[in-house]
Each structure stands twice: as C-alpha cells, then as structure tokens.
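Biologist: Hey, I'm new to this one. Can you walk me through it?
Modeller: Sure, let me bring it up.

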Amino acid sequence: MVNQQRKDRTMPQQTLVPLPIAPATTSPVPHLTSIHANPKRGPYGSNRYRGNCGGYLIRDLIQYYKPKHVLDPMRGSGTCQDVCRELHITCTSMDIKEGDDAADPHCYTGFGKVDFVWMHPPYWSMIRYNEDPDCLSNAPTLEDFLGRMDAVFHNCRSVLTPNGKIAVLIGGFSIRGRYQPLAQLVMTRAIEQGLWPATTEIIRFQHGNTSSRRSYNRSFIPGVHDTCMIFEEG
Ligand SMILES: C[S@@+](CC[C@H](N)C(=O)[O-])C[C@H]1O[C@@H](n2cnc3c(N)ncnc32)[C@H](O)[C@@H]1O
C-alpha cells in the first residue's frame, strides 16, 4: 500500500504503510476486509466518467455474496455491469441520464427479483451530474437528498429477495467548511427504515481522485476514502 505525498512537502514522497493482518477465515474472498486499498480500478466502466468507482470492490462483494441477479440503480459508466458481465451474472441497471429515476417505483418493474444491489449514488452535490431536478446531485437540501435516498432504498427493497443485500458506496465532503457526513447519515436512515448492516463497513481508499491533485490555500484534514455499507433486512 503506497501513500503518495507531494514532492514539495516535508513528508516523504512515498510512505509504505502495512495493512493490518486479517484473521484466517473460510471466506471465499480472503483478502476482502474492512479496508479496501486496491490502487487500480480494473477494466470496468470508465475512468473518464466523473465520480466513477473502480470495479474490484464490486467484484469482491459479488464473489463473496454470490448473487444470481444484481441491480445497479445508478449505473454511471457501467462499472458494476462490466463486473457482472465478466462473472457471467445477470445485471439490471438504470441511470437518470437515460431517464430512469431510481427514486421512482415505476422503474422497478419488469425485471423480477434481485439478490444484490450495488448502489453508488452521487455524494449529494459534490459532483453535479446534470441539470435534471430528479438527479440526486441536484437535491436542494441535505434533507431532500436523504429523503430521495430513502425512496431508492424502499424501491430496491421492493425487488430484493429475503436474504438479499444492498451495498451502498458513499463518502462525505464539506460545503463552505461544514462537513456533510453522508455515510453516517445514510446508515442512520437505512436502520430507521428497518435495514441492518450485514457486516462491517468497508473503508475504500480513493486512489486517483480529482481533488487529490489539487492544492488548497487553507488548512483542513483531507478525506481520502469513502465508505461501503452492506445492508440486509433487519
Ligand atoms: C457516483 S455516480 C455512479 C458511478 C458508477 N458507479 C461508475 O463507476 O461509473 C452516480 C450516478 O447516479 C446517477 N443518478 C443520480 N440521481 C439519480 C436518480 N435519481 N436515478 C438514477 N440515477 C441517478 C448519476 O447520473 C450518476 O451517473
């Protein structure tokens, strides 16, 4: 694992940090732990799509839970779909950019039940994806964003098999100096809806972030991870 620092800082340019040793288990994916630190994104989706994620965490989760039918309600560049294609698993996906609003229950008809949902929503307004008022990145307030996330969860649960899982990848960010703890808020709302974490949250190191290449003339603690939470019926 390599922590890259800028050359002009007092920190060493590269600091090698060992990952904690995980206990031996019977997991079919032994390297899948509460830290996901793969610096590569893999041949899935597109790194040119703003807000894309790599495919390896999705692949690890699918190989762990072994679903037969995956739903990605916010497909973006199609990273999850590409992983499923490689693993020969059926994947249904949608995106507001193609006119499908994941908060609208009518978008969940005609494809049957799914046993795994990969949900990678906008981190609220951190990246504006389009001008569509139904896009979660255009939610006017935090409460509105969380309310729409409630609706997406509700809709996903309506097509989820009893033992199915919903994985959500999201991270926090600041607006004018005020931190927006989106992972914690989404976790709270999901539990209030009757879902429960199926396992530990997974901290995903964000390699290759656009903001990592920027310089800021103010002091703050940079966030360099996002959080994957996996839910099941409580
Ligand atoms: C973080 S990106 C997903 C990136 C994707 N995982 C990838 O690797 O390319 C979030 C996506 O959610 C979509 N989106 C936002 N609001 C939506 C909604 N109401 N219904 C469906 N998709 C939505 C955006 O258009 C965007 O493509």
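**Helix packing and a pocket**

Modeller: Keep in mind that this is a predicted model. Helix α1 and helix α2 (residues 79-87) pack at an angle of about 45°, and their axes are 9 Å apart.

Biologist: So is α1 parallel, perpendicular or oblique to α2?
Modeller: Oblique, because an angle of about 45° lies outside the ranges for roughly parallel, perpendicular or antiparallel.

Biologist: And is the crossing left-handed or right-handed?
Modeller: Right-handed, as α1 passes α2.

Biologist: Which residues make the contact?
Modeller: On the α1 side they are Ile58, Arg59, Ile62 and Gln63. From α2 you get Thr79, Cys80, Val83, Cys84, Glu86 and Leu87.

Biologist: How does that contact split by class?
Modeller: Six of the residues are nonpolar, two are polar and two are charged.

Biologist: OK, switching topic to pockets. What's the volume of the second largest pocket?
Modeller: About 300 Å³. It has 15 lining residues, and the closest to the pocket centre are Leu19, His31, Thr33, Ile35 and His36.

Biologist: Which elements supply at least two residues of that lining?
Modeller: β3 (35-36) and α1 (56-65) each do.

Biologist: And which gives the most?
Modeller: That's α1, with three residues.

Biologist: What about the classes in the lining of that pocket?
Modeller: Eight residues there are nonpolar, five are polar and two are charged.

Note on methods
Residues numbered from 1 in each chain as written. Predicted model: local features only at pLDDT ≥ 70, side-chain atom pairs only at ≥ 80, totals over all residues. Heavy atoms only, no water. 1 Å grid on protein atoms, 1.4 Å probe; cavity = no way out; pocket = protein on both sides within 12 Å on 5 of 7 lines; lining within 4 Å. Points joined across faces, edges and corners; volume = space filled by probe spheres on them. Helix = DSSP H or I, 4+ residues; strand = E, 2+ residues; numbered from the N terminus. Nonpolar A, V, L, I, M, F, W, Y, C, P; charged D, E, K, R; others polar. Axes fitted to C-alpha atoms, helices over the stretch in contact; angles between N-to-C directions. Left-handed = near helix turned anticlockwise from the far one by under 90°. Contact = heavy atoms within 4.5 Å.
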